[in-house]
Amino acid sequence: MLYTESKEKSAELLRAVLALMNQHSAAFNPVTYAVCYEYVAGINGRLNQAFDHFTRTEARLGDNTMVRLYREHIAGIDDKTMERISGDMQRVMSGMSESAARTGSDAGDFTQHLAGLSKALQSSDTERLGLHLGQALQQTEAMRNSAAALQAQVAASQREIEQLRTDLQRAREDVFVDALTRVLNRKGLDHKMGQLLRTPPNTGTQHALVMLDIDHFMAINDGHGHLMGDRVLSALGELLRLSVGEAGSTVARYGGEEFAILLPHATPALAQEVAERVRLRTKALKIRHKQTNEVVLTLTLSAGVATQQPGEDATAWIARADKALYRAKESGRDRVSLAA
């Protein structure tokens with residue numbers, strides 16, 4: 001994020017940021033300051049929506065929430081990680097280039113020796129023929145060794161490139177994956193929605209979005225503690241990953257106890273079927289005491305389903321699905337509602 005505010009404006013924001021930080025439990029550190037600064041400055045709409053969402057269930061935001069907001073809505077892939085991966089890739093490519101150059105040079109020498117041998121064969125000078133034949137044999141061995149070295153370099157480089165690809169994937173996961181639930185976070189969802197909105201649905205289908213929210217989650221935190229709340233979120237993340245198997249589908253934690261499912265090239269009936277499947281499996285889920293195996297919690301969730309309308313952007317699409325979700329809440333919870 002590029003901060004372009006003047007010194008006077010940033011000083012004005014400073015007072016508002018300190019006041020906002022004082023309202024929450026998180027430590028006064030650079031992460032908390034960055035989150036509160038962008039929130040007060042109004043320069044990061046996604047952050048503001050997530051921040052407001054958290055404050056509806058958590059009156060005073062703590063360090064974990066501030067770190068999550070920072071990672072999902074401000075931070076990119078770590079600069080040091082990207083610098084290391086880039087440097088390693090340049091080193092690998094440089095090594096391959098040097099090996100290829102050496103092999104090319106040896107090939108040129110080999111060609112010259114072959115030309116000399118060809119001329120010697122056309123003459124009757126046996127001494128000259130013997131000299132060129134010996135040189136050709138030596139150069140053949142050098143060429144074989146050079147080609148073997150290049151082959152080994154290419155194989156080693158392929159292994160290193162595969163490791164770098166893995167490192168890059170892990171770095172991307174740190175940005176796009178929610179650490180607690182192991183589904184995509186809000187930034188990952190935004191990225192997937194952006195890609196999907198650029199992809200026209202197949203004939204006879206529509207892209208669909210399901211928004212889901214755990215019923216009475218605040219009561220779980222208040223009655224059983226935040227550690228139990230985290231267990232519930234983690235369990236639901238796993239349930240969603242196992243329950244949503246449609247091709248190209250995406251599961252994400254939208255914020256707090258709210259989750260989202262993206263279903264490309266779907267139908268309203270399929271989207272409703274997926275939402276009902278998740279609702280029923282959640283209702284059957286039992287959270288047990290780790291020592292006694294006694295059931296301590298059962299859950300329900302409410303869901304809203306919206307298929308994307310022509311020309312509709314991500315914000316409007318999410319808003320319609322959210323409206324359907326809260327209609328399900330208002331109708332008694334533990335149900336699925338379709339967007340108008």
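Reader: Are aspartate 178 and arginine 68 buried or exposed?
Author: Both aspartate 178 and arginine 68 are buried. Buried means under 20% relative accessible area, exposed over 50%, and partly exposed in between, with a 1.4 Å probe and protein chains only. A word on the source: this is a predicted model, in which local features need pLDDT of at least 70, side-chain atom pairs count only at pLDDT 80 or more, and totals for chains, interfaces and linings use all residues. Residues are numbered from 1 along each chain as its sequence is written, and side-chain values use heavy atoms, with hydrogens and water left out.

Reader: What makes the meeting of aspartate 178 and arginine 68 a salt bridge?
Author: A salt bridge needs a side-chain nitrogen of Lys or Arg within 4 Å of a carboxyl oxygen of Asp or Glu. For aspartate 178 and arginine 68 the N to O distance is 3.6 Å, so the pair qualifies. Side chains of opposite charge can pair when their charged atoms come close.

Reader: Why is this pair said to tie parts of the chain together?
Author: Aspartate 178 sits in the loop between α6 (126-176) and α7, while arginine 68 is in helix α4 (residues 63-73), so the pair joins parts 110 residues apart in sequence. Helices are DSSP runs of H or I with at least four residues, strands are E runs of at least two, and both are numbered from the N terminus. Arg68 and Asp178 also belong to a salt-bridge network with Glu72 and Arg253.

Reader: How many salt bridges does the structure hold?
Author: The structure holds 13 of them. One of these joins arginine 46 to aspartate 190, with the closest N and O atoms 3.5 Å apart. Arginine 46 belongs to helix α3 (residues 45-55) and aspartate 190 to helix α7 (residues 186-197), 144 residues apart.

Reader: Why is arginine 46 called partly exposed?
Author: Its relative accessible area is 23%, and therefore arginine 46 falls in the range between buried and exposed.

Reader: What makes arginine 320 count as buried?
Author: Arginine 320 has a relative accessible area of 19%, so it falls under the limit for buried. Glutamate 312 is at 12% and counts as buried too. The side chains of glutamate 312 and arginine 320 meet in a salt bridge at 2.6 Å, N to O.

Reader: How do you know that aspartate 322 has no salt bridge?
Author: The nearest side chain of opposite charge is arginine 56, at 6.1 Å, so the distance limit is not met. Here Lys and Arg count as positive and Asp and Glu as negative, while His and the chain ends are not counted. Aspartate 322 is buried all the same, in helix α11 (residues 314-330). Leaving aside neighbours within four places in sequence, aspartate 322 is in contact (heavy atoms within 4.5 Å) with Met211, Tyr254 and Glu258.

Reader: Why are α9 and α10 called oblique?
Author: Helix α9 (residues 226-243) and helix α10 (residues 268-284) pack at about 135°, with axes 10 Å apart. Under 35 degrees counts as roughly parallel, over 145 as roughly antiparallel, 65 to 115 as roughly perpendicular and the rest as oblique, so α9 and α10 are oblique to each other. Axes are lines fitted to C-alpha atoms, for helices over the stretch in contact, with angles from 0 to 180 degrees between N-to-C directions. The contact involves Leu236, Leu239, Leu240, Leu242 and Ser243 of α9 and Arg277, Val278, Arg281 and Thr282 of α10.
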